[in-house]
Amino acid sequence: MPHDKTVITAVSAFSGDDVAAMDYNELIALVRETNRPPGGFRSIVEIATNGFLSGGSRVLEIGTSTGLTAVELAGLVGCRVTAIDINERSLEEARSRAKAAGIAHLIDFERRDATDTGLERGTFDMVFCGNVTSLVDDRERALGEYTRVLRDGGFLAAIPMYYMVAPPDDLVQRVSEAIQTTVMPLDRTFWWEFFTGDELEVVWYRDYKFDEIPGEIVDAFVDAILERPHLVALNQEALAVLRSRYRSFMHLFGENLSRMGFTVMLLRKEPAEGERELFTSTPLT
Ligand SMILES: C[S@@+](CC[C@H](N)C(=O)[O-])C[C@H]1O[C@@H](n2cnc3c(N)ncnc32)[C@H](O)[C@@H]1O
């Protein structure tokens, strides 16, 4: 296929030095690792089911990256999705993914910023923001924007990740350098208080802890990814550098995630008018 041929030509041109100079995002683009929300497909199914999505629903996905969530949601329930990201290269990959899945007609991939989408107020039945809000500088503004574009009674789906065990400073430093974002060691309470308030009420949630993945499984994953057909044209020196760097990123993330958990949560946008519940309750588990 012409598309693959183009990629193979480009890949064959990389030297070891080129791969050594790539940042983490460029490396995952090179190996074409799938970008998924915490909990992957299981979280997408939980949100679609518990958020009552149907063929008539309109969903806005924030920070779609290469489009996995948008494609799975549209494929599962036939809903219409507007999926936004600030990264045009990721959006291009997302459009190809939707086309390959035969559902491009259900999804609009658009370059827009979470803090100022330019979309109409009260349009969406669900805003799905995965684990994206922690990466946005002005997260309060982003939350205001999610709420603004939701219709009254619509659901905000969020999957914030947080530390369950306080991380050592040097680990936070190494992860920040790897993903080129300042990582804040936030806990579950922070995110719970961030998302809940006058306008948004938690109607369903489930807590998870990331599994500890043994080092040899991480290595086997890396080896399998590096056998992908589009990488065969990479020269031996570039491949060795790629293996070493990609492996060290994956071990770092494994070390970090073994201290972390996430909450799959659905929050309902309260109608502006109406009586608030006085005798609220808290689940025991
Ligand atoms: C970790 S990936 C998202 C993974 C997955 N979609 C999820 O739900 O967790 C974060 C994505 O958010 C995008 N992003 C970061 N800041 C953004 C912003 N202000 N507006 C829209 N997208 C943003 C990045 O370009 C990246 O593709």
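Two residues are in contact when they have heavy atoms within 4.5 Å of each other. Keep that in mind as you work through these exercises on a predicted model.

**Exercise 1. Place Glu270 in its surroundings: where does Glu270 lie, is Glu270 buried or exposed, and which residues is Glu270 in contact with beyond its neighbours within four places in sequence?**

Solution.
- Start with the chain: Glu270 belongs to the segment that comes after strand 8, which spans 260-269.
- Next, take the accessibility. The relative accessible area of Glu270 is 14%. Buried means under 20%, so Glu270, at 14%, is buried.
- Finally, set aside the neighbours within four places in sequence. Glu270 is then in contact with Asp152, Asp198, Glu199, Glu201 and Arg276.

**Exercise 2. Describe the second largest pocket: what is its volume, which residues lie nearest its centre, and how does its lining divide?**

Solution.
- Begin with the volume, which is about 510 Å³ for the second largest pocket.
- Then look at the lining of this pocket, made up of 16 residues. Nearest the centre are Glu201, Val202, Glu277, Thr280 and Ser281. You have met one of these names already: Glu201 is among the contacts of Glu270.
- Now ask which element contributes. Strand 7 (residues 200-209) gives the largest share of the lining, four residues.
- Last, sort by character: the lining of the second largest pocket has six charged, five polar and five nonpolar residues.

**Exercise 3. Find what the structure encloses: how many cavities of 30 Å³ or more are there, and which residues line the largest cavity?**

Solution.
- A search of the whole structure turns up one cavity of 30 Å³ or more.
- The volume of the largest cavity is about 30 Å³.
- Around the largest cavity you will find Gly130, Asn131, Val132, Thr133, Ser134, Pro160, Trp191 and Phe195.
- Sorted by character, the lining of this cavity holds four polar and four nonpolar residues, and no charged ones.

**Exercise 4. Step back to the whole chain: how many helices and strands does the chain have, and how compact is the chain?**

Solution.
- Count the elements first: there are eleven helices and eight strands.
- The radius of gyration is 20 Å, close to the 19 Å from the globule rule for 285 residues, so the chain is as compact as a globular protein of that length.
- For the burial, 44% of the 285 residues count as buried.
- For the contacts, consider those with a separation of 6 or more: 81% of them are between residues 24 or more positions apart.
- To finish with the surface, the chain exposes about 15100 Å², and carbon and sulfur atoms supply 52% of that area.

Definitions and conventions
Residues numbered from 1 in each chain as written. Predicted model: local features only at pLDDT ≥ 70, side-chain atom pairs only at ≥ 80, totals over all residues. Heavy atoms only, no water. 1 Å grid on protein atoms, 1.4 Å probe; cavity = no way out; pocket = protein on both sides within 12 Å on 5 of 7 lines; lining within 4 Å. Points joined across faces, edges and corners; volume = space filled by probe spheres on them. Nonpolar A, V, L, I, M, F, W, Y, C, P; charged D, E, K, R; others polar. Helix = DSSP H or I, 4+ residues; strand = E, 2+ residues; numbered from the N terminus. Rg over C-alpha atoms; globule rule 2.2 N^0.38 Å. Buried < 20%, exposed > 50% of the residue type's maximum accessible area, 1.4 Å probe, protein only. Areas by Shrake-Rupley, 256 points an atom, 1.4 Å probe, with all protein chains shown as cover.
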